[in-house]
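Student: I am new to this structure and would like to go through it by question and answer. Can we start once it is shown?

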Amino acid sequence: MENHVPSFYEDLKGKGVSRRDFLKFCTTMAAFLGLEASGVTQIVKAFESKPRLPVIWFHFQECTCCSESFIRASHPIVADIVLNKISLDYQETLMAASGVQAEEAYKAVMQKYPGEYIVMVEGSIPTENEAYCCIGGRSALQILEEAVKNCKAVVAWGNCASAGCVQAASPNPTGAKPVHKVISGKPVINVQGCPPIADVMAGVVVHLLTFDRIPQLDGLGRPKAFYSRRVHDTCYRRANFDAGLFVESFDDDGAKRGYCLYKMGCKGPVTYNSCGIIKWNDGVSYPIQSGHPCIGCSEEGFWDNGPFYQHLPEVAGFGIETTADKVGLGLGIATAVGIAGHAIVTNVRKHKEITNEPEEGSKVETK
Amino acid sequence: MAERIVIDPITRIEGHLRVEIEVTNGKITDAFSAGTMVRGIETILKGRDPRDAWAFVGRVCGVCTSTHSLTSVRTVENALGISVPPNAELIRNLMANALYIHDHVVHFYQLHALDWVDVVSALKANPAEASRIAQSISAWPKSSVGYFTDIQKKFKNFVDSGQLGIFANGYWGHKAYKLPPEVNLIAVAHYLEALEWQKELVKVHTVFGGKNPHPNYLVGGVPCSINIEEANAVNAERLAFVGKLFEDAKTFVDQVYIPDLVAIAGFYKSDWGAIGGGLTNYLAFGDFPSNGYNNPESFKMPRGAILGRDLSHILEVKADDPEQIQEYINNSWYEYSKGDKTGLHPWEGETKFNYTGPKPPYEHLDFSQKYSWVKTPRWKGNPMEVGPLSRMLVGYASGKPEFKEVVDSTLKALDVPVAALFSTLGRTAARGLETKLVCGWALEFYQQLLTNIKNGDTRTQNNVKWDPESWPKQAKGIGMVEAPRGALSHFIVIEDKKIANYQLVVPTTWNASPRDIKGQRSAYEESLIGTPIEDAKNPLEVLRTIHSFDPCLACAVHLYDENGTTIHDVKTY
């Protein structure tokens, strides 16, 4: 089945009908339908309407949690995105076709819509040996390089495509790399998280479609709309941190009262994500609200910033003149001096990035 | 003359799977299944805190999300001798039940249905007739003429746009599609409903684990606390929410999934009730403890193995017995120090990448050599099928009344013999039937949780062995779980408070593996032999059988390391 049907206007144009005649036709149509003058614009728009945005979505070294998260979107729901908003022409988890017929689907998009289509990537790309990830006999790198050549922009879903995620954790046996490290010359939007929050994914798609441009990105390529706030600063338990009320062990009295999880290893102070604002699965909860410390899954290299249950040292920002260790029961003596410098530097660096970011969003429009 | 056909990528699965078949005179005479992606997560786990392992192995798979995390905490608890509080066990059961129901419904509609349902044919349906059929098989309220007219119109607009998106290039119009247009229309409507519904049930994970996919787990219990007098803990509102999610799920399963499954099976039973049986051996680890994980007799799903389809004998399964489980790599891209023909128990397993396949891009794999990233596990030397069919058979053969009832009534409704279970359709039906059972168990577990809390027990965590200082110098553990796709086991060795070795033997490893040293095929390959192929260029029949297993390749492919006393010899890649 063919993918592209020209719009009514494109069709008329192809037959030599002028724009002037086309508009006249629309006015007549409006009168015929008994519409007011304002109705003409709508008709013009409907006839001219461009095809739905073609999207090719690849899976490389990944676990499909991004696809799973994507289908959890609640506004809009995924059926609406897939049937009405974009044309998801290649997506291995959902597509009907397999094998040759599947490959033909994305090759058709590349041919018919050069410069128009979006490439979305779930998963990292192995570089130690290209044979560590092959689809249809071709390596992930070969497939990606060919597909991005004529794309409009790339969306890197999740920590795998944005930063390599778990397979890039030390010692990174397959040489797993994120998308932005293996391609160049195209805008890449890193939609971070393991996985990203469903409605953040939907939000990025809607942003591209509604505002016809790439959202503003931070220094790590993440959309500022969703990644410019620390989980710590947007956490509903923050007041407990400021007041020095901490969980000292899981399911203790403090845990049963929803105290701060900082001493249990929470990485909220060094993690930029929307968990505290948008929350997960239609706003039901987020890790901290359900009693587990944030593990920092939207940050590059978070797997190697652990162990997860060892707390970050000396986090600034107390409302009172002391630190968590002094305030609490004194059990969690700063055991991680080694990572202290790193953690603080990360924060300082981020603050700078957020305030002095070049306005990437204004540079690259999607249409 | 044999014709070689390659299907790569196999879509509507998790991960990267390639299948090559040989077709002679319209029938499959040989088949090869290859996993084509590797990440090496076990190597990455080495030297890390065992309490962190659940998060790493959770990322083995985002489709069966949470199942590896559950297995991991059980593995570490087994090594350190930790028992979790009853509430933690119940909450873990509820999370696993939610996963089963979600995963099976999504598999049926999103991953498998398009093998049986011709969506384009739905455009020709008479909505009034579709409505009549829908109402004759179910009390589901969305079944009016107007509803189906609307769905059909929406779908027609979509098709008329010329941009078919995920439905592009399907095998539409293939002769092997047998449903009348009206049933196709009902299925299309329910495909869309299931897609919207599935985002609800996972909220059970969000309540207890903070997010989905990849909810949080905790060694010793669960991370959420219960406090019915507190807004910041699991309280009456959270519990009521979970109860409603399971009630709604049960309604969807009873009124949509099961009636659709039975209706569709009715049209395909005459041939697909006898195609795709494959292996005759079945393995299940069992799960859903109702009285502690250390008491397998209390499992809702029993443990056991069946050989040669002999339902009169259930054989005892012991995963820690080196004589029972071995893994081979003679056809996988790894090498063993004692030679590639050796079979090793996972506790003595070792791995070294040894890619000897063609340099990409390639047209064909050479099946006279190693051809997959998936290893080949064997139970007492036998290839075993794992998954819903194995579980239903072990439950049925064990004489468990719940299993007998649901299997016998379905066989009767479809008017087919027990032998029809040993087929592609049998596998697909077994998945639906166990979903029905799981819905019932979830509500039981939920009631038990409420009763415990009412009686004053709110504990969710055992902290006795939380501090690594309390651990022995060396410890070994095994964790077993019945994942939605089948028997799953993890193996850990802890030394000096760190992971010295961590290994996974995963359902799809059992099913999708290449052949062993005796040349015995594993489940995928064996199940394809003899399948008639109507049109070699459009091998829809292959997808039907492969999808009936619900493949999960990211799970199946990983790498193992040496362990025990020779750990220090292991090279890190």
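Student: Which residues of helix α5 of chain B are buried?
Tutor: This is a predicted model, in which local features need pLDDT of at least 70, side-chain atom pairs count only at pLDDT 80 or more, and totals for chains, interfaces and linings use all residues. Residues are numbered from 1 along each chain as its sequence is written, while chains are lettered from A and ligands numbered from 1 in the order in which they are written. A residue is buried if 20 or more other C-beta atoms lie within 10 Å of its own, exposed if 12 or fewer, and partly exposed in between, with C-beta atoms placed from the backbone. In α5, a helix of residues 127-137 (helices are DSSP runs of H or I, at least four residues, and strands runs of E, at least two, numbered from the N terminus), the buried ones are B:P127, B:A130, B:S131 and B:A134.

Student: Within what arc do the buried residues of α5(B) fall?
Tutor: The arc is that of the directions from the helix axis to the C-beta atoms. The buried residues line one face of the helix, because seen down the axis of α5(B) they fall within an arc of 100°.

Student: What covers the buried residues of α5(B)?
Tutor: Contact here requires C-beta atoms, placed from the backbone, within 7 Å. Among the elements of chain B that cover these residues are α6 (145-160) and α7.

Student: How many residues does chain B bring to its contact with chain A?
Tutor: Helix α7 (181-201) is also one of the elements that give two or more residues to the side of chain B that touches chain A. Chain A brings 82 residues to this contact, and chain B brings 83.

Student: Is B:Q474 buried, exposed or partly exposed?
Tutor: B:Q474 is found in strand β10 (residues 474-483) of chain B, where it touches B:I494 and B:E495, not counting residues up to four places away in sequence. It has 14 other C-beta atoms within 10 Å, so B:Q474 is partly exposed.

Student: What is the radius of gyration of chain B?
Tutor: The radius is taken over C-alpha atoms, and the globule rule is 2.2 Å times the number of residues to the power 0.38. With 573 residues, a compact globule would have a radius of gyration near 25 Å, which agrees with the value for chain B, 24 Å.

Student: What is the mean pLDDT of chain B?
Tutor: The predictor's confidence in each residue, from 0 to 100, is its pLDDT. In chain B, 97% of the residues reach 70 or more, and the mean is 94.

How values were computed: Two residues are in contact if their C-beta atoms, placed from the backbone, lie within 7 Å.
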